[in-house]
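The following paragraphs lead through one structure, from ring pairs to enclosed space and buried acidic residues. The reader may wish to keep the coordinates open alongside the text.

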Amino acid sequence: MSASQTPPATAVPGDDEPTLLVKIFGKDRPGITAGLFDTLAAYSVDVVDIEQVVTRGRITLCALVTAPAPTHGSIGATEGDLRATVHSWAESMNLQAEIISGRGDNRPRGTGRSHVTVLGHPLTAESTAAIAAAITATGGNIDRIFRLAKYPVTAVEFAVSGAATEVLRTALALEAAHLGVDVAVVAAGLQRRARRLVVMDVDSTLIQDEVIELFAAHAGCAAEVAEVTAAAMRGELDFEQSLHARVELLAGLDESVVEAVRKEVRLTPGARTLVRTLKRLGYQVGVVSGGFTQVTDALKDELGLDFASANTLEIVDGKLTGRVTGGVVDRAGKARLLREFAHQAGVPLDQTVAIGDGANDLDMLNTAGLGVAFNAKPMVREAAHTAVNVPFLDTVLYLLGVTREEVEAAKTHAE
């Protein structure tokens with residue numbers, strides 16, 4: 001086709017040009033969308049916008065189209081003809097139709113766009129109403145709502161415009177704490193799905209246990225070690241000093257204890273699903289731990305992780321010496337390792353996600369493009385970009401916009 005024969009591109013209608021919003025409601029079944037647009041095609045209208053939602057087998061289909069104009073071969077040339085034809089078609093399909101006249105396209109969205117993910121177990125009408133009201137109070141407009149998952153938690157996402165992400169995050173964090181639901185707010189844009197490296201803490205994040213406490217149980221000093229661990233995770237003690245103090249209590253343990261502890265480690269519910277789905281989606285996944293390589297190396301092999309770094313218990317003549325070898329992976333060390341992993345993976349820091357629960361994870365959470373506090377201590381929840389307080393690690397996927405259907409698809413592919 002020559003340039004002179006190329007049809008002109010259809011322009012978006014101006015604010016003063018007449019348009020019609022065609023809304024169809026009823027029981028969903030195959031062929032409704034095609035049938036509506038076949039009906040509209042007879043009037044040579046242009047499609048400006050489409051939105052379709054199916055909830056419990058009921059369809060709501062909205063089409064914003066230009067008003068009909070006289071063209072050779074059209075059935076009718078007036079809006080009235082189009083209305084009559086659409087209503088007749090809808091009636092033949094046992095559907096309801098509503099047609100609203102107007103002008104131009106949708107109104108422009110406000111500046112500042114965010115994704116607000118709400119996790120409930122269950123998600124009540126009361127909490128949903130309160131979150132929606134809080135969004136409105138910030139000046140935000142809810143442009144769209146859709147469900148990401150129905151299990152192991154109910155996860156819904158609000159697309160919000162007109163309010164700054166930080167303002168929304170602050171307002172909704174207060175509301176979420178009052179309601180007992182999790183609300184995560186992240187800026188909209190390509191970066192959300194562009195994140196390509198996830199780095200996790202291990203103890204009480206990837207796994208349910210504190211590894212040093214498992215070792216301590218074999219040494220008969222579990223209570224003493226647990227007390228020091230809790231104080232360190234709350235940020236009340238220097239991590240490196242507390243680590244050396246706790247490891248000293250393990251001196252003399254036989255190295256066979258290492259294998260026993262590996263068998264005692266319990267993965268957090270959803271951990272396998274999280275890693276499997278991320279890998280299927282092309283992410284690289286790593287762990288950094290204030291625990292020990294004797295355990296993290298085994299986890300790396302078991303889960304197929306790309307990176308792993310932790311402290312190493314010194315073993316001499318088959319016995320634990322009560323010391324660690326090399327540099328200590330502390331709060332600053334975790335952030336440094338995140339940067340190293342990102343460099344090795346060829347991923348910019350703003351495309352990384354960090355997940356952790358303790359005070360020694362804070363630098364890593366704040367260094368990453370998205371820091372997620374997972375069932376974390378209060379000071380960590382307050383400092384992280386967002387927090388998840390349900391006991392399922394794979395719920396982090398919903399913060400990245402991954403739906404449960406995509407999770408299940410990744411599982412099926414893996415099998």
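**Aromatic pairs, cavities and buried acids**

Phe341 counts as buried because its relative accessibility is 5%, below the 20% cut-off for that class. Phe307 is buried as well, with a relative accessible area of 8%. The model that yields these values is predicted, and its confidence is taken up at the end.

How many aromatic pairs does the structure hold? There are 2. A pair of aromatic rings is described by the distance of the centres and the angle of the planes. In the pair formed by Phe215 and Phe292, the centres are 5.9 Å apart and the planes stand at 85°, an edge-to-face arrangement. This pair joins distant parts of the chain, since Phe215 belongs to helix H6 and Phe292 to strand S10, 77 residues apart. Phe215 and Phe292 are both buried. Phe307 and Phe341 make up a stacked pair, with 4.8 Å from centre to centre and 15° between the planes. Here too distant parts of the chain are linked: Phe307 lies in strand S11 (residues 307-316) and Phe341 in helix H12 (residues 331-345), with their positions 34 residues apart in sequence.

The next topic is enclosed space. The structure contains 2 cavities of 30 Å³ or more. The largest cavity encloses about 130 Å³. Its lining comprises 16 residues, and those nearest the centre are Asp203, Glu210, Phe239, Gly290 and Gly291. Which element supplies the largest share of this lining? Strand S10 does, with 4 residues. Helix H7 (222-233), helix H8 (239-248) and strand S10 (284-292) each contribute at least two residues to the lining of the largest cavity. In terms of class, that lining is made up of 5 nonpolar, 5 polar and 6 charged residues.

The second largest cavity has a volume of about 30 Å³. Val198, Leu274, Leu278, Ile355, Val396, Leu397 and Leu400 line the second largest cavity. Helix H10 (271-280) and helix H15 (396-399) are the elements that give two or more residues to this lining. The class count for the second largest cavity is 7 nonpolar residues, with no polar and no charged ones.

Leu274, one of the residues lining the second largest cavity, also appears among the contacts of Asp394. Asp394 is placed in the loop between strand S15 (386-388) and helix H15. With a relative accessibility of 4%, Asp394 counts as buried. Beyond four places in sequence, its contacts are Pro152, Pro269, Gly270, Thr273, Leu274 and Arg404.

A second acidic residue, Asp209, sits in the loop between strand S9 (197-200) and helix H6 (211-219). Asp209 counts as buried because its relative accessibility is 7%. Outside its neighbours up to four places away, Asp209 touches Asp203, Ser204, Leu214, Glu264, Val265 and Arg266. Of these contacts, Asp203 is also one of the residues nearest the centre of the largest cavity. Between Asp209 and Asp16 the C-alpha to C-alpha distance is 64 Å, and the separation in sequence is 193 residues.

Finally, the confidence of the prediction deserves attention. The average pLDDT of the chain is 90, and 92% of the residues score at least 70. Among the elements, helix H11 (residues 293-303) has the highest mean pLDDT, 98, and helix H5 (residues 191-194) the lowest, 64. Over residues 1-11 the pLDDT stays under 50, and the model has 3 contacts beyond four places in sequence for this stretch. Where pLDDT is low, the predicted coordinates should not be read in detail.

Key. Residues numbered from 1 in each chain as written. Predicted model: local features only at pLDDT ≥ 70, side-chain atom pairs only at ≥ 80, totals over all residues. Heavy atoms only, no water. 1 Å grid on protein atoms, 1.4 Å probe; cavity = no way out; pocket = protein on both sides within 12 Å on 5 of 7 lines; lining within 4 Å. Points joined across faces, edges and corners; volume = space filled by probe spheres on them. Nonpolar A, V, L, I, M, F, W, Y, C, P; charged D, E, K, R; others polar. Buried < 20%, exposed > 50% of the residue type's maximum accessible area, 1.4 Å probe, protein only. Contact = heavy atoms within 4.5 Å. pLDDT = per-residue confidence, 0-100. Phe/Tyr/Trp six-rings, centres within 6.5 Å; stacked < 30°, edge-to-face > 60°.
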